[in-house]
Amino acid sequence: MQGSKDIELLYTKEHISCRNYDDGANPLIEVVDLHKNENWDISTQENKIVYVVKGKIKFLFNGFSGENLSQSKAIILPAGTKFVSKAEKDTSICVLRLRSHIKLCDRYSIERLLKDENVSDLEEQTTLQGNEILQSYMQLLYIIVKDGLKCISLFEIKLKELFFILRGYYPKKELLGFFYPLLTNDTSFSNQILLNHYKAKTVKDLADLTHYSVSGFEKRFKKAFNVPPSQWLKEQRAKNIYHEINCTHKTLKEISLEFGFASPAHLNEFCKSYFGITPGKIRKENIAK
């Protein structure tokens with residue numbers, strides 16, 4: 001995908017030399033172009049939206065396994081998670097990093113979705129299908145970034161524009177499914193947890209990172225996530241273990257050491273207890289796909 005042959009970005013040197021030029025390792029908005037069969041992996045340290053402008057990728061991520069993200073579809077990647085993908089064909093992607101509290105408009109934060117919609121029959125997470133408005137927005141965004149117009153002020157405006165588009169042109173139920181991984185009863189607190197939990201091994205570690213006493217932390221955590229922090233940390237650890245077995249070439253011994261197991265036999269017991277299958281079979285099933 002390219003811009004018009006008759007139109008090109010003017011004054012390129014002025015843009016590049018500007019202090020607001022956002023072309024570092026982790027820009028607010030970036031584009032990624034993949035060739036067919038090219039791998040693209042992310043270890044996220046901040047919340048992201050990944051949108052496929054054209055093409056298709058096959059990915060492994062959280063509850064999704066071997067799923068496709070095709071043209072005009074988006075997915076949320078919460079901070080602290082790992083995303084592994086492979087391009088099924090030549091693919092172009094927009095990545096938008098969500099560094100501040102999300103408001104769909106000045107009067108409607110994403111937390112309101114929990115109050116306005118019924119979550120009882122909702123899946124844990126869903127992708128979002130781009131409608132005509134969102135597709136046009138993303139196609140133009142892709143062209144702007146590819147041309148080199150990478151102003152941080154423009155990026156901030158474009159993110160606000162995205163949320164206005166979602167607010168105005170998508171049913172709340174669809175938005176709830178899309179943003180669900182970021183939603184709790186205390187989103188500002190939960191965002192802090194998502195950004196820091198990968199640094200912690202215990203509940204006390206996480207309480208210290210968020211500057212709470214253990215008792216105060218446990219109360220606020222249970223209110224926000226509806227589960228005890230010990231259970232939640234165990235679930236995150238299990239997801240990371242599954243990812244390392246399923247998506248890397250590390251030996252089971254290396255994974256055992258990385259996650260603090262005394263031996264591969266203890267890792268084996270954990271996987272049989274948590275996943276109902278041994279780590280060897282997890283890896284074998286992935287190879288067979």
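This section describes the nonpolar cores, selected helices and several individual residues of a predicted model.

In soluble globular proteins, nonpolar side chains tend to be buried together. In the present model, the largest nonpolar core comprises 53 residues. The residues with the most contacts inside this core are Leu-96, Leu-104, Leu-113, Met-138, Leu-162, Leu-166 and Phe-179. A second core, separate from the largest one, has 16 residues, among them Val-32, Phe-59, Leu-69 and Ala-87. Within the largest core, Leu-162 offers an example of how such residues are joined to other parts of the chain. When residues up to four places away in sequence are not counted, Leu-162 touches Ile-49, Leu-96, Leu-134, Tyr-137 and Met-138. Two of the residues named here, Leu-96 and Met-138, are themselves listed with the most contacts inside the core.

Leu-162 also takes part in the contact between two helices, α3 and α4. Helix α3 spans residues 132-147 and helix α4 spans residues 152-169. Their axes come within 10 Å and cross at roughly 170°. Angles over 145 degrees count as roughly antiparallel, and α3 and α4 are therefore roughly antiparallel to each other. On the α3 side, the contact is made by Ile-133, Leu-134, Tyr-137, Met-138, Leu-141, Ile-144 and Val-145. These residues meet Leu-154, Phe-155, Lys-158, Leu-159, Glu-161, Leu-162, Ile-165 and Tyr-169 of α4. By residue class, the contact of α3 with α4 divides into 13 nonpolar residues, no polar residues and two charged residues.

Lys-158, a residue of helix α4, belongs to this contact. Lysine counts as charged, yet Lys-158 is buried, with a relative accessible area of 8%. Residues up to four places away in sequence being left out, Lys-158 touches Ile-29, Tyr-137 and Leu-141. Of these, Tyr-137 and Leu-141 are among the α3 residues that meet α4. A second lysine, Lys-58, is placed in strand β4, which covers residues 56-61. Lys-58 has 34% relative accessibility and counts as partly exposed. The C-alpha atom of Lys-58 is separated by 6.4 Å from that of Ala-87, although the two residues are 29 residues apart along the chain. Ala-87 is one of the residues of the second nonpolar core.

Helix α7, residues 203-209, contains Leu-206. The relative accessibility of Leu-206 is 0%, and the residue counts as buried. Leaving aside neighbours within four places in sequence, Leu-206 is in contact with Ile-193, Asn-196, His-197, Ala-200, Phe-217 and Leu-233. Leu-206 and Leu-233 are 27 residues apart along the chain, and their C-alpha atoms are separated by 9.4 Å. For Glu-235, a residue of helix α9, the C-alpha to C-alpha distance to Leu-206 is 15 Å, with their positions 29 residues apart in sequence as the separation. Glu-235 counts as partly exposed, at 27% relative accessibility.

Ile-245 likewise lies in helix α9, which covers residues 229-247. Ile-245 counts as buried, with 0% relative accessibility. Residues up to four places away in sequence not being counted, Ile-245 touches Leu-252, Ile-255, Cys-271, Pro-279, Ile-282 and Arg-283. The C-alpha atoms of Ile-245 and Arg-283 are separated by 6.0 Å, with the residues 38 residues apart along the chain.

Cys-271, one of the residues touched by Ile-245, is a buried residue of helix α11. Helix α11 spans residues 264-274, and its buried residues are Leu-267, Phe-270 and Cys-271. Seen down the axis of α11, these buried residues fall within an arc of 95°, so they line one face of the helix. The face turned away from the buried side carries the exposed residues Glu-269 and Ser-273. After α11 comes Gly-276, which has a positive phi near 75°.

Backbone angles of two further residues complete the description. Most residues other than glycine have a negative phi, and most peptide bonds are trans. Tyr-11 is not a glycine, but its phi is positive, at about 55°. Tyr-11 is placed in the segment before α1 (12-17) and is exposed, with a relative accessible area of 58%. Ser-72, also not a glycine, has a positive phi of about 70°. This serine, Ser-72, is found in the loop between β5 (64-70) and β6 (73-77). In contrast to the exposed Tyr-11, Ser-72 counts as buried, at 7% relative accessibility.

How values were computed: Residues are numbered from 1 along each chain as its sequence is written. This is a predicted model: local features need pLDDT of at least 70, side-chain atom pairs count only at pLDDT 80 or more; totals for chains, interfaces and linings use all residues. Side-chain values use heavy atoms; hydrogens and water are left out. Buried means under 20% relative accessible area, exposed over 50%, partly exposed in between (1.4 Å probe, protein chains only). Helices (H or I, at least four residues) and strands (E, at least two) are DSSP runs, numbered from the N terminus. The arc is that of the directions from the helix axis to the C-beta atoms. A nonpolar core is a set of buried Ala, Val, Leu, Ile, Met, Phe, Trp, Tyr and Cys residues joined through side-chain atoms within 4.5 Å. Contact means heavy atoms within 4.5 Å. Axes are lines fitted to C-alpha atoms, for helices over the stretch in contact, and angles run from 0 to 180 degrees between N-to-C directions. Angles under 35 degrees count as roughly parallel, over 145 as roughly antiparallel, 65 to 115 as roughly perpendicular and the rest as oblique.
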